[in-house]
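Hi,

Here is the structure I promised to pass on. Have a look at it first, and then read my notes below.

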Amino acid sequence: MARQTVVLGAGMVGVSIAWHLQQRGHQVTLVDRRQPGRETSFGNAGIIQREAVRPYAFPRDMKTILSVLPNKRVDIRYRPAGMINAASPLLSYWHNSSSRHYKKIVPEYASLIQLCLKTHGPMIEAANAEHLVRREGWLEIYRTPAELEKRVKEAQDARDNFGVQFDVLDRAALEAKEPDLGSDIIGAIHWLDPWTVADPGGLVAAYADAFVQQGGRILQTDIKGLKQQAERWQVDTAAECLEADQVVVALGPWAGSWLKGLGYHFPTFVKRGYHMHYATQPSKKLHYWLMDAEVGYLLAPMNAGVRLTTGAELDRLESPADEQQLAAAEKVARTIFPLAERRDASAWKGARPCLPDMKPVIGPAPKHQGLWLAFGHGHQGFTLGPATGQLLADMIEGEPTEIDMTPFRADRF
């Protein structure tokens, strides 16, 4: 008889886990209050980031920290109440960002990133989603030669140690790819490995459809409770009560609060973000995904229009939206590319689920048999969902994993 498994959370991570378990003969029910790919996975920049072998560290130099304090930067904003609420994990994040700790974290984190393309590939094929994906990389654009040169050195290190491929573009080479860029941009790094996605939420939905086609079930409803009964699990929802041999918690920003009821206290916090879609001026076109690296926002030619995605906002998960960061990014973006009118009535707001050592939790829950955890992917849940799905399915099946999963164990906190 097929093992019954419930996966909680239908973002990229949860859908990927459900897909992999269904492939291995589990009878899987995927539960979320919304349709697949409509929460955190909906609002990202749409890049499968093979180049992102280094996680985002907390700034350690005093110049950067002092520049953040006035709360006017485009790449990072904060609210005092949110900082106070997450003071302990943020202090741990700062500690783990020291050169000594970060040096150890990078190869562990990179081991996951290096799996992203090979794990997305089969899912894209199974979902018939090639029309959403481009394999042309993306551009990280720069305004000053010194910052570009600094980034080139980091790119060379990523190439030498983790196989990342890139080209360096001067102004003329960049203009050949993006002729409508403003004159402030002097060059770019063209990251060659990554794939870009014209509708991130649509890709998650396509993966979910493939999961259903192979026999999986999606239940769109509110989750009310989770408890263990003998060797089985009971998931109470607003629609029905589910029983399962195993449960996977892949609830992204909500995972930490949900797990407190089972006696777990993970140091989770969120980095919130916003996006808005724009039309372009007549005869103008954005060809590549662009990150304005020295300012801290990204422009992407999505199906819905040019998407502007902001940097990080440190605040509580459910605090009201504050569109000042988006407005600041838009003001700068209009100086480098001819954006036209906004296409959305209001900005989309989401939250990246983070842990203070910059690595996700992937593996068994320490206190409960049959409970599995997959959350805390930070900026890279969209990139790492399929890799997480494959690795967690291997662990559940008792099979060898392609990489060492010790750095991602839940009991490290």
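Below is what turned up, starting with the chain as a whole and going on to two helix pairs and some aromatic rings.

One thing to keep in mind: this is a predicted model.

UniProt, in an unreviewed entry, lists residues 6-395 as "domain: FAD dependent oxidoreductase". Across that stretch, the chain is 34% helix and 28% strand. The C-alpha atoms at its two ends sit 16 Å apart.

Now for the helices. Two packed helices are described by the angle between their axes and by how far apart the axes are. Take helix H1 (residues 12-23) and helix H12 (residues 381-397): their axes come within 7 Å and cross at roughly 35 degrees. The crossing is right-handed. On the H1 side, the contact is made by Met-12, Val-13, Ser-16, Ile-17, His-20 and Leu-21. H12 brings a longish list, including Phe-382, Pro-386, Leu-392 and Ile-396. Sorted by class, this contact has nine nonpolar and seven polar residues, with no charged ones.

The other pair is helix H6 (residues 116-126) with helix H9 (residues 200-213), whose axes are 9 Å apart at an angle of about 70 degrees. Angles of 65 to 115 degrees count as roughly perpendicular, so that is how H6 runs relative to H9. This crossing is left-handed. His-120, Met-123, Ile-124 and Ala-126 of H6 meet Leu-203, Tyr-207 and Ala-210 of H9. Six of the residues in this contact are nonpolar, one is polar and none is charged.

Last, the aromatic rings: there are seven aromatic pairs. One of them is Phe-42 with Trp-348, a tilted pair with 6.4 Å from centre to centre and 55 degrees between the planes. Phe-42 is in the loop between strands E2 (27-32) and E3 (47-48), while Trp-348 belongs to strand E21 (residues 348-354), so the pair ties together parts 306 residues apart in sequence.

Cheers

Note on methods
Residues are numbered from 1 along each chain as its sequence is written. This is a predicted model: local features need pLDDT of at least 70, side-chain atom pairs count only at pLDDT 80 or more; totals for chains, interfaces and linings use all residues. Side-chain values use heavy atoms; hydrogens and water are left out. UniProt positions are given in the numbering used here, feature names are shortened, and annotations may be inferred rather than shown by experiment. Helices (H or I, at least four residues) and strands (E, at least two) are DSSP runs, numbered from the N terminus. Axes are lines fitted to C-alpha atoms, for helices over the stretch in contact, and angles run from 0 to 180 degrees between N-to-C directions. Angles under 35 degrees count as roughly parallel, over 145 as roughly antiparallel, 65 to 115 as roughly perpendicular and the rest as oblique. A crossing is left-handed if the near helix is turned anticlockwise from the far one by less than a right angle, and right-handed if clockwise. Contact means heavy atoms within 4.5 Å. Ala, Val, Leu, Ile, Met, Phe, Trp, Tyr, Cys and Pro count as nonpolar, Asp, Glu, Lys and Arg as charged, and the others, Gly among them, as polar. Rings of Phe, Tyr and Trp (its six-membered ring) pair if their centres lie within 6.5 Å; planes under 30 degrees apart count as stacked, over 60 as edge-to-face and the rest as tilted.
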